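Here are my notes on the cavity and on the surfaces that face the two DNA strands. Please read them with the model open.

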Amino acid sequence: MEHPVHKLLEWYQRNRRDLPWRRTKDAYAILVSETMLQQTQVDTVIPYFRRFMTEYPTVGALARADQEAVVKHWQGLGYYSRARRLHSAAQMVVDEFDGRVPSSLEQIRQLPGVGAYTAGAVLSIAYDLPTPAIDGNVLRVMARYLGVREPVRQASVLCLIEDTMQSWIQLVSPGEFTQAVMELGALVCTPRNAACLVCPLVDSCYAHDLGEVDVIPAKTEKKARRKANVGALWIEKNGSILVERRKPSGLLAGMWQLPAVEYNGSEDVTSHLHPLLEELYTEGGQPSVEESTAPYLVPMATERHLFSHVEWSVTVYRPVGLTLDLGVAQASTDRMWCSLADLEKLAWPRVYEKLLERLIGERVKI
DNA sequence: AAAACGGGGGC
DNA sequence: GCCCCAGTTTT
C-alpha cells in the first residue's frame with residue numbers, strides 16, 4: 001500500500017498557495033522568508049517580504065545595508081531582533097561563506113537567528129536536503145497523526161515526531177515535503193475546526209481515529225499578562241519633536257519612541273514624568289526645573305497595546321507652562337530632535353506608529 | 001527548563 | 001475577548 005506521505009505530496013501539488021517565496025529556490029530569499037515567518041502569519045509577511053526583497057535582492061545587498069534601514073523595513077512585523085540577526089547573518093555569509101548561504105547543517109546553524117527550524121527549512125526547501133523543519137504546524141499535524149496525548153514539548157514526544165519526520169522526508173522531495181506538512185497545518189489541520197473531511201492523511205490519522213482531533217495537541221496553561229502604564233512626552237520646538245532610542249536590550253530594543261517612562265498602574269504619572277522632564281533639562285545644559293515652573297501635563301492621546309507578557313497603556317502628554325527652554329544640544333546620542341517630516345524615517349514600534357499618526361493628524365487641524 | 005521577545009489574525 | 005504562533009536566544 002502507498003505510504004501516506006505520497007498522498008500528502010499529491011494534496012500539496014493540488015492545493016499549494018502561490019506565495020512569493022515559493023517562486024524561487026534562492027537560499028537567501030528562503031532564509032528571509034523563513035525568518036519573517038517565525039511567529040508570524042503568512043498574510044502578514046507577504047507585503048514585508050516583497051518590499052524587503054526589492055530593497056535587498058541579494059545577500060550582498062543586505063550585508064552592505066545600514067542596520068537601521070533594515071530594521072525600518074521590519075517596522076510593524078515585530079520581534080525586531082530577527083531583523084538585526086538576519087542582517088548580521090548576511091554579513092557572515094559574505095565574510096565567511098563566500099557569499100553563499102551554507103548548505104551544511106553545521107555551517108548554517110552558525111548564522112545568528114538560524115535555529116533548528118530555520119536551518120531545516122532552508123536546507124530542505126532551497127537545497128532539497130532531507131533535513132526536516134519542525135514548526136508549530138508540523139508539531140500539531142504530527143501530534144494528531146500519531147495520536148500523542150502528552151504535551152508536545154515533552155522530549156520523548158519531540159523525538160518521536162523528529163524521527164517520523166526524518167523517515168518520511170527520505171521518501172519524497174524534501175523541499176516539497178517540508179512545505180506540504182506546513183501547508184497542511186495551515187490550511188487543513190488547523191488549531192481549531194480542522195477540516196478532516198478533506199485531509200489526505202485522514203485514513204491513517206490516529207487522533208481522527210480516536211475522535212480526539214480537538215484535544216490534540218494538549219493545551220498549555222497560559223500565564224497572566226502584566227499591566228503597565230507608559231507616560232510619554234510630546235515636546236515640540238521649532239517644528240521638531242524630541243525623540244529617544246530605547247535601550248539596546250529588552251523589549252523593543254533599539255526602537256525609537258517619544259521620551260517615556262513605564263510605571264505601575266497604581267502610581268501617579270506626574271511623579272514619573274516630572275523627573276523625566278528634569279532629566280531632559282539637565283541634559284540640555286539648562287538649570288534644573290524649579291517647583292514653581294512644574295508644568296501641567298495635558299493628555300493628548302492614549303493607545304493600548306498587547307504584548308504576549310505585558311499590556312501597555314501608553315498616554316502622550318504635552319507639558320504646558322514651561323518657563324524654561326530645552327537646550328538644543330543633547331549630550332545623549334539616545335535622544336535627538338527630529339523634524340515632523342523625518343519622524344517616518346525612524347523605526348517605531350507599532351503602538352507609537354499609531355500614536356504619531358493620530359497626533360500629527362490632529363496637529364494639522366490645530 | 002523557563003522566560004523573554006511583538007504583533008496580528010481567526011473565530 | 002480569548003485562542004493561536006516550535007522559533008531563537010537569553011537567563
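**Notes on the cavity and the DNA surfaces**

1. The largest cavity has a volume of about 110 Å³. This is a predicted model, so please read every value below as computed from it. The structure holds one cavity of 30 Å³ or more.

2. What lines this space? The largest cavity has 13 lining residues. Arg144, Cys189, Cys196, Cys199 and Cys205 lie nearest its centre. Helix H9 (residues 136–146) gives the largest share of the lining, three residues.

3. By class, the lining of the largest cavity has twelve nonpolar residues, no polar ones and one charged. Cysteine is counted as nonpolar here. Please keep that convention in mind when reading the split, given the four cysteines named at the centre.

4. Now DNA strand C. It is surrounded by 19 residues, and the closest are Gln39, Gly113, Gly115, Leu158 and Lys222. Of the strand C atoms that come within 4 Å of the protein, 68% belong to sugar and phosphate.

5. Which atoms of Ala116 and Tyr117 approach a phosphate oxygen of strand C? In both cases a backbone N or O atom does so. The distance is 3.3 Å for Ala116 and 3.2 Å for Tyr117. Arg85 uses its side chain: a polar atom there lies 3.3 Å from a sugar or linking oxygen of DNA strand C. Helix H8 (116–127) and H9 are the elements that give two or more residues to this surface.

6. H8 supplies the largest share of the surface near DNA strand C, three residues. The classes there are seven nonpolar, six polar and six charged.

7. DNA strand B comes next. Around it are 21 residues, with Gln39, Tyr79, Tyr80, Leu252 and Arg350 the closest. Sugar and phosphate make up 63% of the strand B atoms that come within 4 Å of the protein. Gln39 is listed among the closest residues for strand B and also for strand C.

8. Which parts of DNA strand B do the polar side-chain atoms of Thr40, Gln41 and Arg350 approach? For Thr40 the partner is a base nitrogen, at 3.5 Å. For Gln41 the partner is a sugar or linking oxygen, at 3.0 Å. For Arg350 the partner is a phosphate oxygen, at 2.2 Å. Please look at the Arg350 pair in the viewer.

9. The surface near DNA strand B divides into eight nonpolar, ten polar and three charged residues. Arg350 belongs to the charged class.

Technical notes
Residues are numbered from 1 along each chain as its sequence is written. Chains are lettered from A and ligands numbered from 1 in the order in which they are written. This is a predicted model: local features need pLDDT of at least 70, side-chain atom pairs count only at pLDDT 80 or more; totals for chains, interfaces and linings use all residues. Side-chain values use heavy atoms; hydrogens and water are left out. On a 1 Å grid over the protein atoms alone, a cavity is a set of points where a 1.4 Å probe fits but cannot get out, and a pocket is an open set with protein on both sides within 12 Å along at least five of seven lines; lining residues have an atom within 4 Å of a point. Grid points are joined across faces, edges and corners, and a volume is the space filled by probe spheres set on the points. Helices (H or I, at least four residues) and strands (E, at least two) are DSSP runs, numbered from the N terminus. A residue is near a molecule or strand if one of its heavy atoms lies within 4 Å of it. A polar contact is a pair of N or O atoms within 3.5 Å; within protein, one must be able to donate a hydrogen and the other to accept it, and residues adjacent in sequence count only if both atoms are side-chain atoms.
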